[in-house]
Amino acid sequence: MKSKHQELENLFEQVMAEMLELFDSMTEQQMNRCLVIGKWTPGQLGLHLYKSYASIYTMKGTTIEANRPIDLNLPLIKSVLLNFEKQYQAPQEVVPSADRIVKKKLMHGLQQRVEQHREVWQQEDVSRLCT
């Protein structure tokens, strides 16, 4: 029987593989095409994810025991991230630029972030809380 940690790690791997495959299937032109006026292009979304995924380094900082199941907040996180009706204001640090996205550079950056996350999953206790 798989542990909750292993189940979440497997889910992470699956989602990251699907994300990379989706971005890789687009041409650079498609990545930079605005599909809805006033919204981010697919490439800008990728850059937003790249910037957001830098937060993994917080797991290498000071942490404390969580005293709760590792997957306790997973339903809440899913409900927020998969609610496409609601829109949130991204923190300035993770807002993508309006510059043209270079597909090769974005893909390389996302692949690096995925590898960094993988290392943390394998080397750190991700059940702990960052302080």
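**Exercises: Ile56, its partners and the core**

Skipping residues up to four places away in sequence, Ile56 touches Gln116, His117 and Val120, where touching means heavy atoms within 4.5 Å. Before we dig in: this is a predicted model, in which local features need pLDDT of at least 70, side-chain atom pairs count only at pLDDT 80 or more, and totals for chains, interfaces and linings use all residues. Residues are numbered from 1 along each chain as its sequence is written, and side-chain values use heavy atoms, with hydrogens and water left out.

**Exercise 1.** Place Ile56 in the chain and decide whether Ile56 is buried or exposed.

*Solution.*
- Step 1: look in the loop between helix 3 and strand 1 (63-64), and there's Ile56. Helices here are DSSP runs of H or I with at least four residues, strands are E runs of at least two, and both are numbered from the N terminus.
- Step 2: Ile56 counts as buried because its relative accessibility is 11%. The cut-offs are under 20% relative accessible area for buried, over 50% for exposed and partly exposed in between, using a 1.4 Å probe and protein chains only.
- Step 3: now jump along the sequence to Glu119, 63 residues from Ile56; C-alpha to C-alpha, the two are 9.9 Å apart.

**Exercise 2.** Take Gln116 and work out where it lies and which residues it touches.

*Solution.*
- Step 1: Gln116 belongs to helix 5.
- Step 2: with a relative accessible area of 18%, Gln116 is buried too.
- Step 3: leave out residues up to four places away in sequence, and Gln116 touches Ile56 and Tyr57.

**Exercise 3.** Find the largest nonpolar core and say which helices each supply at least two of its residues.

*Solution.*
- Step 1: a nonpolar core is a set of buried Ala, Val, Leu, Ile, Met, Phe, Trp, Tyr and Cys residues joined through side-chain atoms within 4.5 Å.
- Step 2: the largest one has 21 residues, and those with the most contacts inside it are Met16, Met19, Leu20, Phe23, Leu49, Leu110 and Val114.
- Step 3: helix 1 (4-25), helix 3 (42-52) and helix 5 (103-123) each supply at least two residues of this core.
- Step 4: zoom in on Leu49, which contacts Met19, Phe23 and Leu110 once neighbours within four places in sequence are set aside.

**Exercise 4.** Step back and describe the whole chain: how many helices and strands does it have?

*Solution.*
- Step 1: count five helices and two strands, in the order α-α-α-β-α-α-β.
- Step 2: of the 131 residues, 30% count as buried.
- Step 3: take contacts with a separation of 6 or more; residues 24 or more positions apart account for 85% of them.
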